[in-house]
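Please work through the exercises below with the sequence and the model open side by side. Each task is followed by a solution that goes step by step.

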Amino acid sequence: MRFRTMAELVEIAETENLKISEVMILHEMDVMNRSREDIFEEMSRNLDVMEQAIQRGVTEDIRSHSGLTGGDAKRIQQYINSAPVLLSGKTVLDAVSRATAVSEVNAAMGTIVATPTAGACGILPGTIHTAAKKLNSDRETMVRALFTAGAVGYVIANNACISGAAGGCQAEVGSATAMAAAAVVEMAGGTPSMSAEAVAIALKNMLGLVCDPVAGLVEAPCVKRNAMGAAIAMVAADLALAGVKSVIPTDEVIDAMYKIGQSMPVALKETALGGLAATPTGRAHERRIFGTTDKSE
Amino acid sequence: MKYRTVFDIIGPVMIGPSSSHTAGAARIGRAARKIFGRKPKRVKITLYGSFAKTYRGHGTDIALAGGILDFDTFDKRIVHALDIAKEEGIDITFHPSDELTEHPNTARLLLEDEQGSVEVTGISIGGGKMEIVELNGFDLRLSGNDPVLLVLHKDQFGAVAKVASVLANHQINIAFMQVSRKEKGAQALMSIETDQPVGPDVQSEIRNLPGIDGVTVL
């Protein structure tokens with residue numbers, strides 16, 4: 001039940017007639033020598049933490065220490081409830097608002113689950129909770145969705161990378177978006193290969209995304225990239241469920257992401273030396289927050 | 001495989017804002033504290049790469065301090081770790097370095113008190129996962145997930161076999177093992193990741209073997 005690539009994961013799942021989540025659970029039981037109940041219990045606690053972060057983010061007045069972020073999740077929820085027309089629809093905006101909520105709680109040094117990292121922690125909770133509401137999923141389906149997402153993240157982390165410092169934001173928010181897309185496909189009853197297509201479709205739309213945090217903080221543009229990651233994950237899942245396939249196989253998309261990350265300059269990999277961090281306004285925020293002079297290479 | 005368990009991906013539960021810079025840093029600090037084995041008086045922390053550039057914004061400083069105070073990644077006291085360290089009489093200083101390191105998120109921690117000092121270098125590899133790559137000048141590869149037995153010993157024949165046979169007698173399986181030495185016949189370090197925990201009785205049995213200078217379990 002060991003897998004290394006998405007192709008192997010899908011092959012095991014489809015020949016054994018198992019969901020991706022089940023393959024991940026069996027793999028975990030085998031590798032870590034733990035019982036199914038034990039593993040399920042730990043993942044269920046992670047889901048609890050995600051729920052609490054969403055709840056905080058959409059109801060409380062979250063404000064980060066720097067003052068750069070906070071309050072947008074609540075703002076989007078109010079818009080959903082009061083706007084006469086929603087251009088992208090309630091489901092997508094719900095996912096966006098919940099992803100924003102968790103990401104804002106993270107920026108304010110609240111408690112979150114790194115999925116796969118803290119910088120990208122909003123996308124998976126936002127999409128899973130929204131899909132669950134839409135599909136009337138039970139709790140077990142939601143916990144299983146975290147295992148499905150975990151399986152995708154496991155492949156990306158072991159074949160490429162998942163941190164902004166190593167591979168840019170495509171590795172961080174990109175991985176989370178791909179993981180979430182696969183997870184909600186399974187929640188909606190899609191096949192393992194549909195989940196893999198959703199991974200490819202989601203990740204290819206994140207390729208090249210740089211990691212350029214203003215003042216080095218996990219806030220701007222991170223919170224909004226979490227918001228948009230959730231939107232991409234939901235739409236990628238729908239495309240895959242519709243039967244749309246990626247021209248480039250999923251594992252090759254992951255490999256392309258890795259190679260793009262390796263060829264990305266250090267200034268664009270979480271060092272706050274380039275991109276949005278190096279704009280006049282980015283630098284002005286940095287001076288206001290830290291009272292320092294401009295950084296240069 | 002760098003990542004073994006699904007909970008490296010969906011987890012850890014942690015205080016924001018960055019798994020590499022906050023949770024990973026807290027785990028490096030905590031590992032250093034465990035290796036040192038007691039509360040240090042002074043800690044000099046050198047930060048490299050992205051850690052050096054962005055540590056204040058990411059709370060890397062408070063996370064490392066939290067780890068040195070033995071706090072877990074989700075411990076809310078991390079937010080006030082620098083103040084708590086001061087109250088507990090631990091003097092922690094941070095030194096950003098421009099020196100290039102192999103990994104972008106690297107921290108070198110020198111822990112000291114009147115009894116001695118330990119120097120630990122850790123890297124934060126993403127998603128809250130870290131590795132200790134150097135201890136007192138010895139190269140290491142520790143995942144920080146499995147129990148790790150560190151044995152300082154004299155570089156001589158039979159040393160590794162004796163330690164391994166004690167573990168085997170106690171039905172402890174070796175998952176990964178590495179031996180490093182500075183020069184032939186000098187001091188060497190065995191780092192052994194085990195599937196089962198190594199209890200105090202087994203540790204003292206190893207400590208009493210000839211040629212063993214020190215035993216620590218992480």
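**Exercise 1.** Locate A:Arg139 in this predicted model, and decide whether A:Arg139 is buried, partly exposed or exposed.

*Solution.* Begin with the secondary structure, where A:Arg139 is found in helix 7 of chain A. Next take the accessibility: the relative accessible area of A:Arg139 is 33%, and because the class between 20% and 50% is called partly exposed, the residue is partly exposed. Then turn to the surroundings, leaving out neighbours within four places in sequence; A:Arg139 is in contact with A:Ser44, A:Leu47, A:Asp48 and A:Glu51. For A:Leu47, which is 92 residues away along the chain, the C-alpha atoms of the two residues are separated by 9.2 Å.

**Exercise 2.** Classify the aromatic pair of A:Phe3 and A:Tyr154, and say which parts of the chain this pair links.

*Solution.* The structure holds four aromatic pairs over all chains. In the pair of A:Phe3 and A:Tyr154, the ring centres are 5.3 Å apart and the planes are at 65 degrees, so with a cut-off of over 60 degrees the pair counts as edge-to-face. The pair links distant parts of the chain, since A:Phe3 lies in the segment before helix 1 (6-16) of chain A and A:Tyr154 in helix 7 (residues 139-159) of chain A, 151 residues apart. For the accessibility, A:Phe3 has a value of 2% and therefore counts as buried, and A:Tyr154, with a relative accessible area of 4%, is buried as well.

**Exercise 3.** Treat B:Tyr55 and B:Phe94 in the manner of the previous exercise, and then describe the helix that holds B:Tyr55.

*Solution.* The rings of B:Tyr55 and B:Phe94 are 6.0 Å apart from centre to centre with 25 degrees between the planes, which makes the pair stacked, because the angle is under 30 degrees. This pair too links distant parts of the chain: B:Tyr55 belongs to helix 2 (residues 49-58) of chain B and B:Phe94 to strand 3 (residues 91-96) of chain B, 39 residues apart. B:Tyr55 is buried, with a relative accessible area of 14%. Widening the view to the whole of helix 2 of chain B, one finds that the helix is mostly covered, with seven of its ten residues buried; among them are B:Phe51, B:Thr54 and B:His58. After the helix comes B:Gly59, whose phi is positive, near 70 degrees.

**Exercise 4.** Which relative orientation do helix 6 and helix 11 of chain A adopt, and which orientation do helix 1 and helix 3 of chain B adopt?

*Solution.* In chain A, helix 6 (residues 123-135) and helix 11 (residues 222-241) pack at an angle of about 45 degrees, with their axes 8 Å apart. These two helices are therefore oblique to each other, and helix 6 of chain A passes helix 11 of chain A in a right-handed crossing. The residues that meet include A:Thr127 and A:Ala131 in helix 6 of chain A, and A:Gly229 and A:Ala233 in helix 11 of chain A.

In chain B, the axes of helix 1 (residues 19-36) and helix 3 (residues 60-68) come within 6 Å and cross at roughly 30 degrees. That makes helix 1 of chain B roughly parallel to helix 3 of chain B, because angles under 35 degrees fall into this class. Their crossing is right-handed, and the contact involves residues including B:Ala25 and B:Gly29 of helix 1 of chain B and B:Ala63 and B:Gly67 of helix 3 of chain B.

**Exercise 5.** Where do cis peptide bonds join a residue to A:Pro221 and to B:Pro17, and what is the phi of A:Asn17 and of A:Asn33?

*Solution.* As background, most residues other than glycine have a negative phi, and most peptide bonds are trans. The bond between A:Ala220 and A:Pro221 is cis, with omega about 5 degrees, and A:Pro221 lies in the loop between helix 10 (192-204) and helix 11 of chain A. The bond from B:Gly16 to B:Pro17 is likewise cis, with omega near 10 degrees, and B:Pro17 lies in the loop between strand 1 (13-15) and helix 1 of chain B.

For the backbone angles, A:Asn17 has a positive phi near 60 degrees and is placed in the loop between helix 1 and helix 2 (20-32) of chain A, where its 71% relative accessibility counts as exposed. A:Asn33 has a positive phi near 55 degrees and lies in the loop between helix 2 and helix 3 (36-59) of chain A; at 71% relative accessibility, A:Asn33 is exposed.

Definitions and conventions
Residues are numbered from 1 along each chain as its sequence is written. Chains are lettered from A and ligands numbered from 1 in the order in which they are written. This is a predicted model: local features need pLDDT of at least 70, side-chain atom pairs count only at pLDDT 80 or more; totals for chains, interfaces and linings use all residues. Side-chain values use heavy atoms; hydrogens and water are left out. Rings of Phe, Tyr and Trp (its six-membered ring) pair if their centres lie within 6.5 Å; planes under 30 degrees apart count as stacked, over 60 as edge-to-face and the rest as tilted. Helices (H or I, at least four residues) and strands (E, at least two) are DSSP runs, numbered from the N terminus. Buried means under 20% relative accessible area, exposed over 50%, partly exposed in between (1.4 Å probe, protein chains only). Axes are lines fitted to C-alpha atoms, for helices over the stretch in contact, and angles run from 0 to 180 degrees between N-to-C directions. Angles under 35 degrees count as roughly parallel, over 145 as roughly antiparallel, 65 to 115 as roughly perpendicular and the rest as oblique. A crossing is left-handed if the near helix is turned anticlockwise from the far one by less than a right angle, and right-handed if clockwise. Contact means heavy atoms within 4.5 Å.
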